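Please open the model in your viewer and keep the sequence panel beside it. This tour suggests what to select at each stop and tells you what is there.

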Amino acid sequence: MKTAWFKLAIHGLLAVFILASIGPYSGAAEKGQVISIKAKKFEFMPNEITLKKGVPVVLEFTSLDRMHGFHCPGLGIRTDILPKKVTRLQLVPDKTGTFPFHCDIFCGSGHEEMGGKIIVTD
Ligand SMILES: [Cu+2]
């Protein structure tokens, strides 16, 4: 009987630790308007994103088919985009301009055309 209670207490403690370690990261670490971007062969939707300089946003990526990559060299951001998984990137654009992005993980015969642009305005 004592061991059963002990196990229950340990499990309870573990649950508290796990929740405590997950808690602070859900939401608090990412601020800003969420922009959802879907990737599929061979396009990004949307493929044109307009942002404001100095205004934080969270780019939220999902793939509708296979693994893709998102790379925007002009803004110094990249991430893998995985199917059935949401990948978030926080971004505070620090300059205005038009910044092309593209898929940087080979995904098939239309891969080279898979891209778009981020426009940052004042
Ligand atoms: Cu690709």
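Two residues are in contact if their C-beta atoms, placed from the backbone, lie within 7 Å. With that in mind, look at the whole chain of this predicted model: among the contacts with a separation of 6 or more, 62% are made by residues that are 24 or more positions apart.

**The whole chain**

Colour by secondary structure, and you will find one helix and nine strands, which follow the order α-β-β-β-β-β-β-β-β-β from the N terminus on. Now colour by pLDDT, for which the protein has an average of 87, while 75% of the residues score at least 70. Select residues 18-28, where the pLDDT is below 50 and where the model shows zero contacts beyond near neighbours in sequence. Where pLDDT is low, the predicted coordinates should not be read in detail.

**The open sheet**

Next, select the strands of the open sheet, in which four strands lie in the order S2-S1-S4-S7 with mixed pairing. Which strands stand at the edges? They are S2 (43-45) and S7 (87-91), and because each has a single partner strand, one side of each is left without a neighbour in the sheet. From one strand to the next, the twist averages 25 degrees. Zoom in on S1 (residues 33-40) and S2, which run antiparallel and are joined by three bridges; within this pair, lysine 40 has glutamate 43 in S2 as its bridge partner.

**Two cis peptide bonds**

Stay in this region and select lysine 41 and phenylalanine 42, whose peptide bond is cis with omega near -5 degrees; phenylalanine 42 belongs to the loop between S1 and S2. Then select methionine 45 and proline 46, which are also joined by a cis peptide bond, with omega about -5 degrees. Proline 46 sits in the loop between S2 and strand S3 (48-52).

**The nonpolar core**

In the protein as a whole, 17% of the 122 residues count as buried. In soluble globular proteins, nonpolar side chains tend to be buried together. Select Phe61 and Ile118, the residues that touch the most other members of the largest nonpolar core, which has 17 residues. At least two residues of this core come from each of S1, S4 (57-63), S5 (68-72), S8 (97-102) and S9 (115-121), and S4 gives the most, with three residues. Leaving aside residues up to four places away in sequence, isoleucine 118 touches Ile49, Leu51, Cys72, Leu75, Phe99 and Phe101.

**Two loop residues**

Move to glycine 32, which you will find in the loop between helix H1 (2-22) and S1. Is glycine 32 buried, partly exposed or exposed? With 14 other C-beta atoms within 10 Å, glycine 32 is partly exposed. Show its contacts and, not counting residues up to four places away in sequence, you should see Pro56, Val57, Val58 and Gln90. Then draw a distance from glycine 32 to valine 92: the two are 60 residues apart along the chain, and their C-alpha atoms are separated by 8.9 Å.

Finally, select lysine 84, in the loop between strand S6 (77-81) and S7. Lysine 84 has a phi near 60 degrees, a positive value in a residue other than glycine. Lysine 84 counts as exposed because 7 other C-beta atoms lie within 10 Å, and a residue is exposed if 12 or fewer do.

Notes: Residues are numbered from 1 along each chain as its sequence is written. This is a predicted model: local features need pLDDT of at least 70, side-chain atom pairs count only at pLDDT 80 or more; totals for chains, interfaces and linings use all residues. Two strands pair if DSSP finds at least two bridges between them. Axes are lines fitted to C-alpha atoms, for helices over the stretch in contact, and angles run from 0 to 180 degrees between N-to-C directions. A residue is buried if 20 or more other C-beta atoms lie within 10 Å of its own, exposed if 12 or fewer, and partly exposed in between; C-beta atoms are placed from the backbone. A nonpolar core is a set of buried Ala, Val, Leu, Ile, Met, Phe, Trp, Tyr and Cys residues joined through C-beta atoms within 7 Å. pLDDT is the predictor's confidence in each residue, from 0 to 100.
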